[in-house]
Amino acid sequence: MHSFVFDQPAQRVIFGPGTLAVLRDEVTRLGARRVVVITTPYEIRFAEDAARRLGDLSAGIYPEVATQHVPAELLARAKERVRTLGADCYLAIGGGSTIGVAKAMALETELPIVAVPTTYAGSEMTSIYGITEGGVKKTGRDRKVLPKTVIYDANLTLTLPPQISGPSGVNAMAHCVEALYAQDANPIISLIAEEGIRALARSLPLVVAQPDNLEARSDAQYGAWLGGAALGAVGMSIHHKLCHTLGGSFNLPHAETHAVILPHAAAYNREAAPEAMRRIAGALGGAADAPEELFDMIKRIGAPTALKSIGMPADGLDRAAKLATDNPYYSPRPIEYQAVRELLDRAFEGRRPTRKGL
Ligand code: NAD
């Protein structure tokens with residue numbers, strides 16, 4: 001057994017369909033009296049329901065998170081509006097974009113966040129924040145932005161359409177995959193990551209085929225929770241670096257980018273991280289090869305497999321490879337420009353990452 005550090009952050013998780021009912025109690029527990037509900041124009045009905053449940057503890061709704069990756073201009077507007085509402089707590093109800101705005105505000109104000117996630121992105125479980133300025137997304141870690149309380153109520157995910165559910169679930173799976181070959185991997189997080197892959201692999205096909213299957217939704221949310229916990233606890237690698245680059249600098253949609261890149265990032269590390277590959281393949285149902293099975297599963301659930309189909313310009317591939325290799329994250333296989341450029345080529349075309357010689 002190798003040496004490791006396991007750092008357990010203090011966070012309260014309430015899990016289960018119908019748990020939004022305890023929202024007011026949870027906010028009271030934090031001592032908050034003026035909660036501002038942050039959401040997008042599309043999730044406004046969830047926010048209105050939450051504000052009703054909060055009653056006199058609600059200080060208003062800020063429903064204008066319309067863009068991903070927390071653009072600095074959007075953040076400035078949100079800060080100003082939320083400040084005038086006199087918030088002492090943020091309730092972020094929505095996907096990673098909504099939670100991201102609450103985190104970026106908390107970085108400055110240090111106000112507590114209650115997160116009610118409605119996708120599988122996992123941001124609610126991490127102290128990672130990101131802000132995009134001048135076409136570059138900068139991320140950092142700070143415990144101030146870690147939501148104090150997370151309420152996972154699968155009822156709020158029933159409306160997530162299959163074309164968002166599938167890629168979003170793969171986003172959660174990507175956190176688990178990279179946790180297994182993280183530089184600072186540890187035995188607890190590796191178990192969490194393996195279980196996360198298992199839960200997502202069994203639930204995602206059901207979720208996309210039967211979007212109103214509450215049991216499958218709850219199972220997928222369980223996988224998303226585990227994915228978020230893995231992302232929050234250990235460092236990520238080439239996959240996340242590429243996705244941040246493609247999202248922040250080419251404005252590609254977050255979850256779909258994860259879906260396209262994951263099999264190729266795993267294939268990049270196939271030979272360098274054999275134990276991780278064995279565990280991933282096992283959790284995917286005993287597949288012969290982890291990257292190949294990831295690709296096949298992503299295809300089966302109807303998620304995108306080619307960068308060219310999600311808005312990536314062919315003439316941006318050189319720049320993407322350069323940005324991703326300039327300040328690389330740790331990777332079991334060292335990051336080299338030419339190899340990453342070839343990875344991007346395969347991902348652009350949507351080629352199956354087949355093992356050599358097959
Ligand atoms: P998102 O929040 O942008 O949501 C995707 C789409 O789904 C949006 O159109 C949204 O309106 C819609 N949607 C959300 N919930 C819905 C529901 N229940 N029913 C119907 N539609 C719904 O996307 P995301 O993938 O959840 O988050 C992406 C962002 O989060 C990116 O900026 C990414 O960098 C960030 N992120 C951060 C972390 C972190 O740890 N800091 C982790 C994961 C993702």
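This tour moves from the ligand and its surroundings to a pair of aromatic rings. The model is predicted.

**The ligand and its pocket**

Begin by selecting the ligand. The space that the ligand takes is the largest pocket. Next, display the residues around the ligand: 23 of them surround it, and the closest are Ser 97, Thr 118, Thr 119, Thr 126 and Lys 137. Colouring this shell by class shows 12 polar, eight nonpolar and three charged residues. Then select helix α4, residues 96-109. This helix supplies three residues, the largest share of the shell around the ligand.

**Polar contacts to the ligand**

Select the side chain of Ser 97, one of the closest residues. A polar atom of the Ser 97 side chain lies 2.6 Å from an oxygen atom of the ligand. Move on to Gln 68, where a polar side-chain atom is 2.8 Å from a ligand oxygen atom. Then select Thr 159, whose side chain places an N or O atom 2.8 Å from a nitrogen atom of the ligand. With these contacts in view, consider the ligand surface: taken alone, the ligand exposes 870 Å², of which the protein buries 86%.

**Aromatic pairs**

Finally, hide the ligand and show the aromatic rings. The count comes to three aromatic pairs. Select Phe 15 and Tyr 152, one of these pairs. Their ring centres are 5.8 Å apart and their planes stand at 45°, so the pair is tilted. Extend the selection to strand β1 (residues 12-15), which holds Phe 15, and strand β8 (residues 149-152), which holds Tyr 152; the pair therefore ties together parts that are 137 residues apart in sequence.

Notes. Residues are numbered from 1 along each chain as its sequence is written. This is a predicted model: local features need pLDDT of at least 70, side-chain atom pairs count only at pLDDT 80 or more; totals for chains, interfaces and linings use all residues. Side-chain values use heavy atoms; hydrogens and water are left out. A residue is near a molecule or strand if one of its heavy atoms lies within 4 Å of it. A polar contact is a pair of N or O atoms within 3.5 Å; within protein, one must be able to donate a hydrogen and the other to accept it, and residues adjacent in sequence count only if both atoms are side-chain atoms. Accessible areas come from the Shrake-Rupley method with a 1.4 Å probe; for residues, only the protein chains shown count as cover. On a 1 Å grid over the protein atoms alone, a cavity is a set of points where a 1.4 Å probe fits but cannot get out, and a pocket is an open set with protein on both sides within 12 Å along at least five of seven lines; lining residues have an atom within 4 Å of a point. A molecule sits in a cavity or pocket if more than half of its atoms lie within 2 Å of its grid points. Helices (H or I, at least four residues) and strands (E, at least two) are DSSP runs, numbered from the N terminus. Ala, Val, Leu, Ile, Met, Phe, Trp, Tyr, Cys and Pro count as nonpolar, Asp, Glu, Lys and Arg as charged, and the others, Gly among them, as polar. Rings of Phe, Tyr and Trp (its six-membered ring) pair if their centres lie within 6.5 Å; planes under 30 degrees apart count as stacked, over 60 as edge-to-face and the rest as tilted.
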